[in-house]
Amino acid sequence: MTGTDNGREAYAAERAELARLLPPAPGTDLPPGRHEHHRERLMNLIDDDTARARDRARERADRPDRSRLLRPSFLAPATALAVAGALVLGYAAQNGGGPADTGDTRSVSQVLLRMSDAAGRSDALPIRDDQFLYTRGTGRDVDLTSGKAVIGPLEESESWFSQKPGPQKRLGLIRQGGHTLPINAELGDSEGTRPGLNRPTYRWLATLPTDPRQLLDYFDEITPKFEGEDRDQALFEAIGGLVGHALLPPDTAAGLFEAVALIPGVTRTPDAVDALGRKGVGIARDDERSGVRTEWVFDPEDLSYLGWSSHLTRDTEYGKKGDFMGDSAVIETAVVDKAGVKPQS
């Protein structure tokens, strides 16, 4: 194998690691296809920067002390911040400082058990395989490609997610900014995306273990592992992607909340607020790698899911400690028989 081939393989591995730093944010406000659009956009920008760095390195190859190719990992802070949804989900915050930095670890287990009890007593009806989960939500768009967070206007979106079993190449529809677009299979799923973490159909969710320890162990098995990651944070984010799923089977939802209570570092935060300014109960965890706290926001009365928000826990090149880095709000959810059709009022 030539040195060029080795270099290509090393670069491909580093690119994969950068892509790994862009997991879906904790929520299902935008479809997986939209997540991958933003993910690929950032990775293309990283490729452009890396190509320019490679050209500069070649130009000074005759100077051994400065000929080392700049590695794309220098962009890790930008990609790590996207964990909070700043670029991947495309949602950011309204003006003002972030929530208090102190979390209530003493009462979080009690709150999660209350949520588990409420979820277990839910009378949510199952969704048929031929139906669609309709969600209407809102949030603000953030672009980090300039090196600073640029916040866009509050914008609503609607999505219709198919519940068909088996791998699917068309997962549903999204309507945003006056345009209706198909939700395609996840990037790399050439045969279609199967039900799972990235496509949580009601039928798949109903097959999950309900015992919290078994559920957490199962998530540990199916959530991709990467060297150097905070595994507890990875599990928190994976479960967060399902907590935001509006129509979980009651037993599954109950088990999920109890499983979250087993994850170290999860706290209850005061004054949690979603993108609509609705105050609620916050369940949060800090990602030490990115310097971002992500919290799920629940209605203080019935403990139903309202949305999520996130903010910086330390100063970074993109903002100051306490600055918001993302939020969203769920406005309406329903089960409909056809994609693109709004639920009857």
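A residue is called buried under 20% relative accessible area, exposed over 50%, and partly exposed in between. By that rule D220, at 27% relative accessibility, counts as partly exposed. The model is predicted. A search of the whole structure finds 14 salt bridges. This briefing covers some of these, then one helix pair, one nonpolar surface patch, two residues with positive phi, and two contacts between parts separated in sequence.

**Salt bridge between helices α6 and α7**

- D220 accepts a salt bridge from R231, with the closest N and O atoms 2.8 Å apart.
- The two residues are 11 apart and link distant parts of the chain, D220 being in helix α6 (residues 212–222) and R231 in helix α7.
- R231 has a relative accessible area of 17%, so this residue is buried, whereas its partner D220 is partly exposed at 27%.

**Salt bridge between strands β2 and β3**

- The side chains of E158 and R175 form a salt bridge, at 3.9 Å from N to O.
- E158 belongs to strand β2 and R175 to strand β3 (residues 170–176), so the bridge ties together parts that are 17 residues apart in sequence.
- E158 is buried because its relative accessible area is 9%.
- R175 counts as partly exposed because its relative accessibility is 25%.

**Salt bridge and network around R128**

- R128 and D337 meet through their side chains in a salt bridge of 3.6 Å, N to O.
- R128 is in the loop between α4 (108–120) and β1, and D337 is in the segment after β9 (324–336), so this pair ties together parts that are 209 residues apart in sequence.
- D337 counts as exposed, with 54% relative accessibility.
- R128, at 45% relative accessibility, counts as partly exposed.
- Salt bridges with shared partners join R128 and D337 with D130 in one network.

**Helix pair α7 and α8**

- Helix α7 (residues 231–243) and helix α8 (residues 250–260) have axes that come within 11 Å and cross at roughly 150°.
- Angles over 145 degrees count as roughly antiparallel, and the crossing angle therefore makes α7 roughly antiparallel to α8.
- The crossing of these two helices is left-handed.
- R231, the salt-bridge partner of D220, is in helix α7.

**Nonpolar surface patch**

- L154, L276 and I331 make a nonpolar surface patch of about 230 Å².
- L154 is located in strand β2 (residues 150–162), the strand that also holds E158.
- L154 counts as partly exposed because its relative accessibility is 41%.
- Within strand β2, then, L154 is partly exposed and E158 is buried.

**Positive phi values**

- Most residues other than glycine have a negative phi.
- D271 is not a glycine, yet its phi is positive, at about 60°.
- D271 is part of strand β5 (residues 267–273) and counts as exposed, at 58% relative accessibility.
- L303, also a residue other than glycine, has a positive phi near 65°.
- L303 sits in the loop between β7 (292–298) and β8 (305–312) and counts as buried, at 10% relative accessibility.

**Pairs separated in sequence**

- L133 and Y202 are 69 residues apart in sequence, and their C-alpha atoms are 9.2 Å apart in space.
- L133 lies in strand β1 (residues 132–143) and counts as buried because its relative accessibility is 3%.
- R213 and L256 are 43 residues apart along the chain, with 9.7 Å between their C-alpha atoms.
- R213 is in helix α6, as is D220.
- R213 is partly exposed, its relative accessible area being 42%.

How values were computed. Residues numbered from 1 in each chain as written. Predicted model: local features only at pLDDT ≥ 70, side-chain atom pairs only at ≥ 80, totals over all residues. Heavy atoms only, no water. Patch = residues over 30% accessible without salt bridge, like charges linked within 9 Å, V, L, I, M, F, W, Y side chains within 5 Å. Areas by Shrake-Rupley, 256 points an atom, 1.4 Å probe, with all protein chains shown as cover. Salt bridge = Lys/Arg side-chain N within 4 Å of Asp/Glu carboxyl O. Helix = DSSP H or I, 4+ residues; strand = E, 2+ residues; numbered from the N terminus. Buried < 20%, exposed > 50% of the residue type's maximum accessible area, 1.4 Å probe, protein only. Axes fitted to C-alpha atoms, helices over the stretch in contact; angles between N-to-C directions. Parallel < 35°, antiparallel > 145°, perpendicular 65-115°, else oblique. Left-handed = near helix turned anticlockwise from the far one by under 90°.
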